[in-house]
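Hi,

Here is the structure I promised to pass on. Please open it alongside this message, and my notes follow below.

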Amino acid sequence: MTLELFIQYFFAGITYGSIYAIVAIGFNIIYNTTGIINFAQGEFVMLGGMISISLLPIMPLPLAIAAAVALTMLYGALLEICFIRWLDNPGVLRMVIITIGLSILTREAALHVWDESIRSLPYFVGNEISTVNVLGARVSPQVFWVIGACGLMVAFLSIFFQGTSVGRQMRACAANRKAAVLCGINTRDMVTFSFVLSAGIGALAGCVMSPITSTAYDNGTGLAIKGFTVAILGGLGNSAAAVAAGLLLGIIEAFSVSVLPLAFQDAIAIAILLIILFVRPHGLFGSGTAAGLKEF
Amino acid sequence: MKACRMMMVVLALSLAAAPAVMAETLKVGAILAVTGPAAFLGGPESRTIEMLADEVNQAGGINGKQIELIIKDSGGSPEKAISFAKQLIEEEQVVAVIGPSTSGESMAVKKLFEESRTPLLSCAAAEVIVNPVAGFVFKTPQSDSFAVRRIFMTMQEMGISRIAVLAGNTGFGKAGKEQLQAIAPTMGIEIVEAEVYDKDANDLSAVVAKMKANPDVQAVVNWSIVPAQAIVAKNMRQAGWDVPLFQSHGFGNIKYVESAGVAAEGIIFPAGRLLVADKLPADHPQKQLLTKYKADYEGKFQEQASTFGGHAYDAFIILMKAIENGGTDQQSIRDEIEKIQGLPGTAGIFSFSATDHNGLDLESFEMVTVKNGAFVPYEKQ
Amino acid sequence: MRRLLFLLPLVILVVGVQVLTDWTDTRYYLTQLTMAAYYSLLIIGLCALMGYTGQISLGHAGFFAIGGYLSAALTTRNLAFFQDQAFFRLLEGAGILATGQDIYGAELVVVAPWAACLVAIIAAALIAWLLGIPVLKLKGHYLAMATLGFGIIIYRIALASEYFGEADGISEVPPFLLPFGLEVSGSFAVREANYYIAWGLLIMGLILLRNLIDSRVGRALRSIHGSEDAAGAMGVDTARCKLQVFVLSAVFAAVAGVFLTHYNGGIGPSEAGVMKSVRYVAIVAVGGMAHLWGALVMGVVLNFLSLRGVFGSYDDAVFGLILIGIMLFAPNGVLSLLNFSGVLDFFRRRRRRVKEPGGLR
């Protein structure tokens, strides 16, 4: 394998990987405050892309993206308030089924709102064939937008969770809900807020990746499964680990192309997930002792 | 016990809702993948035949009878297609069925239509649907082998002999890949790389890099009907790989060109003439029909007409022609379809026979290329 | 014998419907009722797993597909290529091989349907057993994801292998000949017989599950659902119980897959899709989780309506809506709504909520 080919695979892997990581971070935010895995997370990504594409004819690109993110956040809030907020102590099984149902409904609604055709945002910089030369390999500038967006989100989230009052309240919910309530934190609002935040992050991911991957009504499901794989691979709830796991999975997928038929690529990702679940359910980077306190 | 009583009520209700037979209408069934993974086929197909049926009915019907169109959305799954086929044949007693949209579904229901002696006009491309010929089964899309031959002929002109093949993991990609592999040796073409990708693939730069690393590859053929077509084009050009890119007739949708942007420039692919309708000479037999379909469809649905909708269009006009020529029931309609000669459709000029239930030939494809973001006929440089 | 009396109304109903369709000349309803019966066989199996052990499985379409695809592939793929090898003669000697025809009329040597059926069911059971050992140790989201992942892998394999027909699936599957001149096939001529075969299987499945639930194993299962730790403390081998039911439900799914594939004369990758698994879970949930009758009724009714295309282009959306609606308002199933306790419960819970914030976990 030449250096050029190696770098080409590497960047392909980082591109997939960053996308998976952003979706996984969305999962983690909600999981951390609620203990729920939101199976509709992929739909936020799809909605972000779709809405921004629809808005593009009437406003400039940055504004369209901002509006799409805001609208998707609103949608996230609505989902939480309408379907989850008022449930008392729902079991995991019930929550899994409800979020799967929400994912199906969102997808089918998108089909009837936007029809089945495929759309994409224009490239933020340059066009479809412009590339940046990295050590002989050619990489689309949009890839750097994806990687940059992923990095920014992680940085933003770590500042948010460490440095702001709301962020600390959300972490308190994650650590011990009863104690958080006793400290006067409105846990219900924190849950709504976590949905808003992860919807916004998903939507932004949907916009940034749209020029590369295109957007269609049924994009979300596949992304959600990959994102979930990554979230578990890194250890549920740990966003920095999710980024590492996302990049790892992306790179494994990219390099697997050189030895295995492409058709089995997805099966590989899922097989890795199953193996991780069986041998290290707390994830590659999770701590086993901490995991002993959780339920798997 | 309560459960049993409920079941009884539900069943009784559904039995009571048995449809009444209406006089002076002609029931035509359609099984199309309006939703699901093949929605990009079934969507335009169902919109097209709804539009056509309205048109016929407003003009007073056919032979004085109104068309009653019954469209069933199979979601692209064979088991539903089978259930709907039985329903349409037996319960609705339709005179003919248009669809299904995909090859898998068409093959699944083929036997049923033979057994019940009801004509089926499939909108799927695979050759096995009409080869071996089954008495009551027809198809309107051009065969993949025509597309493959046209591509290889163009390659021969360009002096290309070693190629890489990429295909999507849909029925369309599968059938194309098989034809490419079967026909290549007979036309002096060697396939040196072959890969299949997922229909939901997001990025194919890794596999493009792999193929680019093989210095033997003189051209790439990509065979799919999914957005990955645009992604292949983008990834190839991004990688600075400028060998000719051939696509299948699945590329015949301007949305893919829009999605690939400048990367689509110079892509060569075979397509029905719908895409270049306005650039055809005025005396071309398909010209009038194609421009009318395009104008009607685009006016009504505010989206570009695609060749997929065209397949349903052809199925519908073939059926109407057969009825006009005296077809009144399943058997006579079948016989009349077989007699149709020189009927212009969107895919080409249909001439059926007892051994040819597709009715098209190599001429039904035109080599098309992308220039300045639009489809133009390909001319040898 | 007395324990079987509960089935009498069902048997009368099944026969009654057939006679009724014969009378009213609406025999075509039997087609979808037959298909719905096979799906319901899978669903009651899943109901036993989900309702009585509390384990979710988002991968049951995978087991259905293992059954369907294996029997379809074995009964259609030509073995003549191996004619000279020892194992071929061994199979031939055992009477396992049969001859068939491909679509061009050429002769094929294939595995006989009954042998393919056995292979498919054993394969499904074996895979379920191997998978079940690690998977059933997981809980909650992890269990959901692991079973979902299994389903996706099966879907991917079906879609990526030439042997399984890739995206087109397998068609031209021959009829499954049974004793007494019966055959499982979609031919219009044998529709009534097939209706009874399907419902016969379903009723047999029901008897099996009822007996299981009423037995010692059943009591152990219910104790697992109540509290797994408590059950374990009482000496119930929870892991083994769960595994047994998991394998049993996989076998139910595989049997349904085998028979429906012969009935339809083919199978496609859509049968292995994630949406199918979700749909089965939805139906079990609608039926009320631990409620075999509920699962049976809902399985038959919803599949019947879906297969008749009543929901049109909203098929998936309807199931999504049902899932959410049931989980929000009647987590004990739609039948619980009949006595309005679910509704009352709902309002009661709403009132209590005001006093006790932050209950969501």
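Below is what I found, starting with one helix and moving on to two chain contacts. Please keep in mind that this is a predicted model.

The helix is α4 of chain B, covering residues 103–116. Its 14 residues reach 20 Å from the first C-alpha to the last, close to the 20 Å expected at 1.5 Å a residue. Even so, α4(B) bends by about 35° at Val109(B). Of the 14 residues of α4(B), 11 are buried, so the helix is largely enclosed by the rest of the structure. Val109(B) is itself one of the buried residues, and others include Met107(B), Lys110(B), Lys111(B) and Phe113(B). Just after the helix comes Arg117(B), with a positive phi near 55°.

Now to the contact between chains A and C. Chain C brings 38 residues to it and chain A brings 41. On the chain C side, the elements giving two or more residues are α6 (140–160), α11 (274–287), α13 (315–329) and α14 (341–355). The largest share there, 13 residues, comes from α6(C). By class, that side of chain C has 25 nonpolar, 6 polar and 7 charged residues.

Chain A also touches chain B, with 32 residues of chain A in contact with 31 of chain B. Here α1 (3–34), α8 (187–213) and α11 (265–279) of chain A each give two or more residues, and α1(A) gives the most, with 7. This side of chain A has 15 nonpolar, 12 polar and 5 charged residues.

Happy browsing, and best wishes!

Terms used:
Residues are numbered from 1 along each chain as its sequence is written. Chains are lettered from A and ligands numbered from 1 in the order in which they are written. This is a predicted model: local features need pLDDT of at least 70, side-chain atom pairs count only at pLDDT 80 or more; totals for chains, interfaces and linings use all residues. Helices (H or I, at least four residues) and strands (E, at least two) are DSSP runs, numbered from the N terminus. The expected span of a helix is 1.5 Å times one less than its number of residues. The bend at a residue is the angle between axes fitted to the seven residues ending there and the seven starting there. A residue is buried if 20 or more other C-beta atoms lie within 10 Å of its own, exposed if 12 or fewer, and partly exposed in between; C-beta atoms are placed from the backbone. Two residues are in contact if their C-beta atoms, placed from the backbone, lie within 7 Å. Ala, Val, Leu, Ile, Met, Phe, Trp, Tyr, Cys and Pro count as nonpolar, Asp, Glu, Lys and Arg as charged, and the others, Gly among them, as polar.
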